[in-house]
Amino acid sequence: MSPLSASRRSVKALSGLAVAVPKLASIGTAGAPRTHDPALRRCAGLLLLRSFPSFSSSSSKYPEYEMPSVTWGVVQGRREKLVSRVIVCDYLKGIGIIPDELENLELPSTVEVMRERVEFLQKLGLTVDDINEYPLMLGCSVRKNVIPVLGYLEKIGIQKSRLGEFVKNYPQVLHASVVVELAPVVKFLRGLDVEKQDIGYVLQKYPELLGFKLEGTMSTSVAYLISIGVCPRDIGPMVTQYPYFLGMRVGTVIKPLVDYLVSLGLLKKIVARMLEKRAYILGYDLEETVKPNIDCLISFGVRRESLASVIAQYPQILGLPLKAKLSSQQYFFTLKLKIDPEGFAEVVEKMPQIVSLNQNVIMKPVEFLLGRGIPSEDMAKMIVKCPQLVALRVELMKNSYYFFKSDMGRPLKELVEFPEYFTYSLESRIKPRYQRLQSKGIRSSLNWFLNCSDHRFEERMQAQYIERDFEGPSFRIGGKLELPGGQIVSDEEVESDDEVLYRRTVSL
């Protein structure tokens with residue numbers, strides 16, 4: 001065959017291919033022409049590459065085009081995308097949003113889509129300033145990200161009216177996957193016995209929980225607290241009260257605090273009981289607050305051996321601005337109540353809540369007793385011996401006092417010697433026991449018939465004699481229960497006494 005004939009055949013074939021190319025475009029590469037002519041096949045391939053550059057094996061030859069964006073579904077060239085980005089950024093600048101942090105973020109291809117996002121966030125209650133605090137939220141699709149997340153948050157108990165505040169406090173939640181990230185955290189909280197109706201409350205207090213890994217800090221903090229004696233059933237209420245401990249590291253925050261409290265004489269199980277009732281203690285900074293407060297107590301005259309008892313009675317004292325409170329109260333006690341610094345320290349040891357008690361509240365029972373004719377010197381002795389006096393309601397004190405004077409007919413000296421009289425219930429203890437004494441014709445001190453259990457009182461009534469008064473047992477945390485006369489109870493009894501002490505002191 002001559003070269004001329006071959007050229008004519010190739011031209012004719014190419015003319016036919018030009019007609020067939022639109023059909024090929026509709027069926028893809030699978031519809032490539034089947035011909036045995038090598039020249040024709042090369043020409044056909046070249047035409048297909050020019051017609052469909054995105055299917056080329058080498059994209060570097062055609063830098064103007066890329067694959068369609070999966071996110072926006074719009075086929076754009078690089079130049080068009082740059083122009084669209086500039087237009088979108090200009091729109092954001094025009095409404096006061098600074099787009100600098102969005103440089104590496106894929107943005108919508110049109111202003112309309114971006115406007116939809118901004119207006120949706122504003123309807124939630126977010127301002128332009130809120131968006132500028134975390135502009136990355138503009139990268140979240142309203143339909144794919146924002147609506148599913150907000151719907152789930154509302155489902156688990158966060159009120160619709162508070163969703164905007166929630167997003168403002170934790171905007172990263174808009175990037176989260178409901179199934180992969182949010183739902184497992186909620187399931188974990190339910191597994192800790194957090195009540196279903198409390199989930200929303202917990203997450204509003206500490207929304208960052210939704211970003212934690214389950215096998216990380218949350219699990220280790222819970223495991224450590226259980227290891228020191230916290231009851232697993234109390235973990236849920238602790239989380240509801242103070243969820244922040246789930247984000248605390250055991251080695252650097254929780255354990256050092258617990259170890260320090262134990263070094264002061266507190267038993268671990270007492271610390272565990274404290275944390276069960278007041279989980280927020282874990283939030284007190286050890287170096288900045290707790291240790292300085294302990295040093296402050298010692299500097300005001302509180303004995304080191306009494307520190308454990310003070311903390312067990314009033315754990316909040318670890319986190320107070322203590323120096324200012326102690327200085328103010330000590331000055332008040334010296335000026336108004338005639339109690340010297342040594343007596344004030346004794347009052348703090350017996351009732352550490354005194355550091356937070358309002359001075360007007362303190363003066364009401366004091367003025368009542370002074371008005372009954374008790375000298376100020378005796379009043380000071382009564383307060384040092386029984387600090388609870390200054391926290392009593394005057395109405396109840398009046399009833400007890402009038403019964404003491406009218407029915408019992410006893411001198412004021414007995415009240416000075418036993419000021420604890422006012423701390424007992426008139427109807428459930430003082431009256432019934434006094435009437436039993438009267439029926440048997442027994443006259444005894446206030447201490448003898450009031451400062452004992454019901455069982456012990458019945459034994460005394462059956463014994464037909466009056467034993468001499470004893471002071472109540474003294475207790476020092478970390479040691480044994482010491483009774484008057486040098487007796488020491490057995491180790492078996494120490495355990496229960498710890499619990500009794502904690503319940504008695506914390507109830508204050």
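1. Accessible areas are those given by the Shrake-Rupley method with a 1.4 Å probe. On that basis, the accessible surface of this predicted model comes to about 28,300 Å². Carbon and sulfur atoms account for 53% of that surface. Of the 508 residues in the protein, 41% are buried.

2. Confidence should be considered before any local detail. The average pLDDT of the protein is 82, and 76% of the residues score at least 70. Two stretches call for caution: pLDDT stays under 50 over residues 1–36, and it also stays under 50 over residues 38–75. Beyond four places in sequence, the model has 21 contacts for residues 1–36 and 36 contacts for residues 38–75. Where pLDDT is low, the predicted coordinates should not be read in detail.

3. As to secondary structure, the protein contains 25 helices and 0 strands. When contacts between residues at least 6 apart in sequence are considered, 65% of them join residues at least 24 apart.

4. Helix H17, residues 341–350, offers an example of helix packing. Its buried residues are Gly343, Phe344, Ala345, Val347, Val348 and Glu349. These buried residues pack against four named elements: helix H14 (286–299), helix H15 (307–313), helix H16 (322–336) and helix H19 (376–385).

5. Arg117 deserves separate comment. Arg117 is placed in helix H4, which spans residues 111–124. The residue is buried, yet it has no salt bridge. Its nearest side chain of opposite charge is that of Glu116, at 6.1 Å; because a salt bridge requires a side-chain nitrogen of Lys or Arg within 4 Å of a carboxyl oxygen of Asp or Glu, that distance does not qualify. The side chain of Arg117 does, however, reach the backbone oxygen of Leu138, at 2.6 Å.

6. A second arginine, Arg429, lies in helix H22 (residues 426–440). Is Arg429 buried or partly exposed? With a relative accessible area of 21%, Arg429 is partly exposed, because the buried class ends under 20%.

7. The surroundings of Arg429 can be described further. Neighbours within four places in sequence left aside, Arg429 is in contact with Tyr424, Leu450, Cys452 and Asp454. With Leu450, the side chain of Arg429 reaches the backbone oxygen at 2.9 Å. The C-alpha atoms of Arg429 and Leu450 are 7.4 Å apart in space, while the two residues are 21 apart in sequence.

Methods
Residues are numbered from 1 along each chain as its sequence is written. This is a predicted model: local features need pLDDT of at least 70, side-chain atom pairs count only at pLDDT 80 or more; totals for chains, interfaces and linings use all residues. Side-chain values use heavy atoms; hydrogens and water are left out. Buried means under 20% relative accessible area, exposed over 50%, partly exposed in between (1.4 Å probe, protein chains only). Helices (H or I, at least four residues) and strands (E, at least two) are DSSP runs, numbered from the N terminus. Contact means heavy atoms within 4.5 Å. pLDDT is the predictor's confidence in each residue, from 0 to 100. Lys and Arg count as positive and Asp and Glu as negative; His and the chain ends are not counted. A polar contact is a pair of N or O atoms within 3.5 Å; within protein, one must be able to donate a hydrogen and the other to accept it, and residues adjacent in sequence count only if both atoms are side-chain atoms.
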